[in-house]
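Hello,

Here is the structure I promised to pass on to you. Have a look at it in your viewer first, and then read on for what I found.

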Amino acid sequence: MSHVFLYALVGVGLFTLGLYALIVHPHLLRKILAINVMGSGVFLMLVALGRRTPGTLPDPVPHAMAITGIVVAISATALALALMLRVQVETGRAELPEEPLE
Amino acid sequence: MPALIFDIHWQAIVILLPLAGAIACFLWPQRGVQLGLISALGIVACVAALGWQVLELGAQRYAVGGWGAPLGIDLYADGLSLLMLIVTAVVGLGISVYSSGYFNQDRARHFWPLWMFLWAALNALFLSADIFNLYVSLELMGLAAVALVALTKGADALTGAMRYLLVSLLGSLFFLLGVALLYHSFGSVDIALLAERMEPSPAVWAAMGLMSAGLLLKTALFPLHFWLPPAHASAPAPVSALMSALVVKASFYILLRLWLEIFPLTNAALAQFLGLLGAAAVLWGGLQALRQTRLKLLIAYSTVAQIGYLFLAFPLASIIGWKGALYILLSHAAAKAAMFMAAGNILHFGGHDRIADLDRVVQRLPLSITAFALAGVSIMGLPPSGGFIGKWLLLEAAIRSAQWWWGIILILGGLLSAAWVFKVIGYAFTPAEVPHEARVVPATMEWAALAMALVAILLGLFTSWPLALMDIGLPFAGEGDG
Amino acid sequence: MQQSQPLKKTINPKPMTEGVKKQLLFRLLLVALLSLLATGLGYAVLSLPSSAPGLSELVAENLETSGVSNPVTAVLLNFRAYDTLLELGVLLLALLGVWSFGAVPERRESFPGPVLDTLSRLLVPLLILVAGYLLWVGAHAPGGAFQAGSVLGAAGVLLLLAGWRPGARFVGLPLRITLVAGLGVFVIVSAVLILVGGRLLEYPPSFAATLILLIEAAATLSIGITLAALFIGGRPEAGPNN
């Protein structure tokens, strides 16, 4: 077991932490940030585990995947933030209406 | 001549063409409608050519960049992906024609590039043989879908779109974490290679759970359906049609590929669980649909129910069962597109979609109501229609595998659908207290709705061809003899 | 189930103790469930084989013919270039979505102080230079179109913060062409390669370096401008084509 796994575990931690925040916080900005924290966890895990064999160069494919993922995350975040502002203009608050329990 | 056609890389072209269309529609928004319709026709022609190629030469693997898996990305077209491409092309063409009359100039210039991006994403998704590439196409599809839903301004649409966006991103992240685990377990993201190298391990179980959960959320299987009705109902009519007909099916398609190829269905308990959720979705969606007072919400809840049918095939796990589910998927795509289009016409005509105030709309919009009724026939599963064939195949699979109780769900679901279809049709004949403030509905919008409904009916009359397509490349071969 | 009802704009009344209790219980349950999830995922990660079966060797073997010597750039723009093509689509799509929500939101006119003004005048040319360097160096060392594009985007954001707005002349078709340049060049290159008999994104090895640089240059420009445009947060108002 090397320190690589430590990073990967931190990634798992970030993922669940983000999931918790996403469920608990009603404010949309927090939800968007929570999604980003989750995403960072996934990217961290993806990149960290690419360097498991000691003494070799890290695997470039997960790096490329993480870059792709980051660009997707930026795009999604920008869209979400713009949508959040529209929701706030339209409803007066940046929260989703309460879910009627079924 | 055929040899020449078979040499062309149609798989690449059906992805590049909508992308080029999106760019063109974005650059010249004044010509958006024309450019969009030309692209739509082009895509349909190219999908037809790809279909011919696959029919003649069998399933096609295409190594993008010439590298081949695992280094590069592969595209793969077998009967299953071809069928999805064809249904996307048919419904997409209908929606394009409908939209050319639906949107005003201001909204049209946003609609067309977004719709072309969505089409590109769908084609890319159905052709991809690489799970990381599937993640990218999923995101492309999700963001396009969210922006399209938000084209209707107003609180309902915006909050619906916002919730949809969060759900969609969450689902994608679950999927991506699964992809990461699979890549680091087997050193590849190619579906065929993963299937070859697959051996059970905790990481594989985790990946399977994460990816399935993410995709179930995106497919809106009960009880993860909470986001679907508001998003689908508040979107503009052609967008609602796109969402219900195609977008939710895309994540189901990925789920199907994963379960059939990467994670072989050895876990019977999990399959039974998915079947139970499907059954619950059929009943719950049907009951909720019956309770709605707004037409578009009603249709959206019926989508929740119809998604449930697709999951009844998991516990049956036989070739006939899969074919039945796929047949329901195809006919639901056409029928639900027709229904949302008809609802859009009614909304355009009368300015509202309150079911109780439909006010003899049958006299004013006979074509749209006919389309609604014909689509209803397929949704209920009455012969002759695609919905009937799908349910029949599922029933046969249920009886053959001695799990007759799933048959009861099929029948109950059909009765519930019948109840709400007749309720709507009934109100369409009844005069209401508030008369309509009538606006003229363009003929293209009426005929597009009718054409989609006829596709759903014709699927019940010409069954051999779609069923034969499903056998190309034997996508269901791993699933016993049925 | 009345989701189409208009939203209530009332502020929640002070929650009762019953509600607080319920919420606490919900959170505890959630924490328990998520801990379970984290433990499961952690176990799954730890169970992975300790030496990676990744693709480093395969990438290294084919690096020679890829046109670049930086393995990450080779993966991004050659081996898995198709992902990158779609990803540029995602970025453009996000901007289309943001523009479809409406015009630039009302914002207070900001007058930059002397520090911001001077600094932005100094930094923006420097940032553009750095972006160019990152683009060039990406072929053989860490760097590339995305890094360069982000730096370019930062330069744009700095300009916007300092109160600069694009002139009406640029807002129409010229801006749109810049925005689609990355995806457009990618699509055109793919189409041309197919026309001359290759596969999708199959670069002839002798042209690979040039084609990759061409695509990266266009992508850098598009990414930078798109990021800055996303920062504005809406469609720049000048009407199409004027």
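Asp59(A) brings three chains together: leaving aside its neighbours within four places in sequence, its contacts are Gly50(A), Tyr183(B), Gly54(C), Leu55(C) and Ser56(C). Please keep in mind that this is a predicted model. Asp59(A) sits in the loop between helix H2 (28-48) and helix H3 (60-91) of chain A. Is Asp59(A) buried or exposed? Its relative accessibility is 2%, and the cut-off for buried is under 20%, so Asp59(A) counts as buried. For a sense of distance within the chain, Ala82(A) is 23 residues away from Asp59(A) in sequence, and their C-alpha atoms are separated by 36 Å.

Chain A as a whole

Chain A has three helices and zero strands, and along the sequence the pattern reads α-α-α. How does its radius of gyration relate to that of a compact globule of 102 residues? Such a globule would come out near 13 Å, but chain A has 17 Å. The C-alpha trace of chain A spans about 55 × 25 × 20 Å along its principal axes. Of its 102 residues, 52% are buried. If you take the contacts in chain A with a separation of 6 or more, 59% of them are between residues 24 or more positions apart. The accessible surface of chain A is about 4300 Å², and carbon and sulfur atoms account for 68% of that. On the charge side, there are 6 positive and 6 negative side chains in chain A, with the centres of the two sets 12 Å apart.

Chain B

Chain B has 21 helices and two strands. A compact globule of 482 residues would have a radius of gyration near 23 Å, and the 21 Å of chain B agrees with that. Its C-alpha trace spans about 65 × 55 × 45 Å along the principal axes. Some 70% of the 482 residues in chain B count as buried. Looking at contacts between residues at least 6 apart in sequence, 82% of those in chain B join residues at least 24 apart. Chain B exposes about 14000 Å², with 69% supplied by carbon and sulfur atoms. It carries 22 positive and 22 negative charges, and the mean positions of the two groups are 11 Å apart.

I picked out two residues in chain B that you may like to look at.

- Ser39(B) is placed in helix H3 (residues 32-57). Its relative accessible area is 9%, and it is therefore buried. Beyond the residues up to four places away in sequence, Ser39(B) touches Leu17(B), Gly21(B) and Met116(B).
- Leu290(B) belongs to helix H12 (residues 268-291). With a relative accessible area of 29%, Leu290(B) is partly exposed, because that class runs between 20% and 50%. Which residues does Leu290(B) touch, not counting residues up to four places away in sequence? They are Leu416(B), Ala419(B), Trp420(B) and Lys423(B). Of these, Ala419(B) is 129 residues away from Leu290(B) along the chain, and yet the two C-alpha atoms are separated by 7.1 Å.

Chain C and its interface with chain B

Chain C has nine helices and zero strands, so from the N terminus on its elements run α-α-α-α-α-α-α-α-α. Buried residues make up 45% of the 242 residues in chain C. Among contacts in chain C with a separation of 6 or more, residues 24 or more positions apart account for 77%. The area that chain C exposes is about 12700 Å², and 69% of it comes from carbon and sulfur atoms.

How many residues of chain B are in contact with chain C? There are 65 of them, and they meet 55 residues of chain C. The area buried between the two chains is about 5300 Å², of which carbon and sulfur atoms give 72%. On the side of chain B, Phe26(B), Trp67(B) and Leu71(B) lose the most area to chain C, and together they make up 14% of what that side buries.

If you would like a place to start, load Asp59(A) with its contacts in chain B and chain C, and then move on to Phe26(B), Trp67(B) and Leu71(B) at the interface with chain C.

Best wishes

Technical notes
Residues are numbered from 1 along each chain as its sequence is written. Chains are lettered from A and ligands numbered from 1 in the order in which they are written. This is a predicted model: local features need pLDDT of at least 70, side-chain atom pairs count only at pLDDT 80 or more; totals for chains, interfaces and linings use all residues. Side-chain values use heavy atoms; hydrogens and water are left out. Helices (H or I, at least four residues) and strands (E, at least two) are DSSP runs, numbered from the N terminus. The radius of gyration is taken over C-alpha atoms; the globule rule is 2.2 Å times the number of residues to the power 0.38. Buried means under 20% relative accessible area, exposed over 50%, partly exposed in between (1.4 Å probe, protein chains only). Contact means heavy atoms within 4.5 Å. Accessible areas come from the Shrake-Rupley method with a 1.4 Å probe; for residues, only the protein chains shown count as cover. Lys and Arg count as positive and Asp and Glu as negative; His and the chain ends are not counted. The place of a charge is taken as NZ of Lys, CZ of Arg, CG of Asp or CD of Glu. Buried area is the accessible area (1.4 Å probe) that two parts lose on being put together, summed over both.
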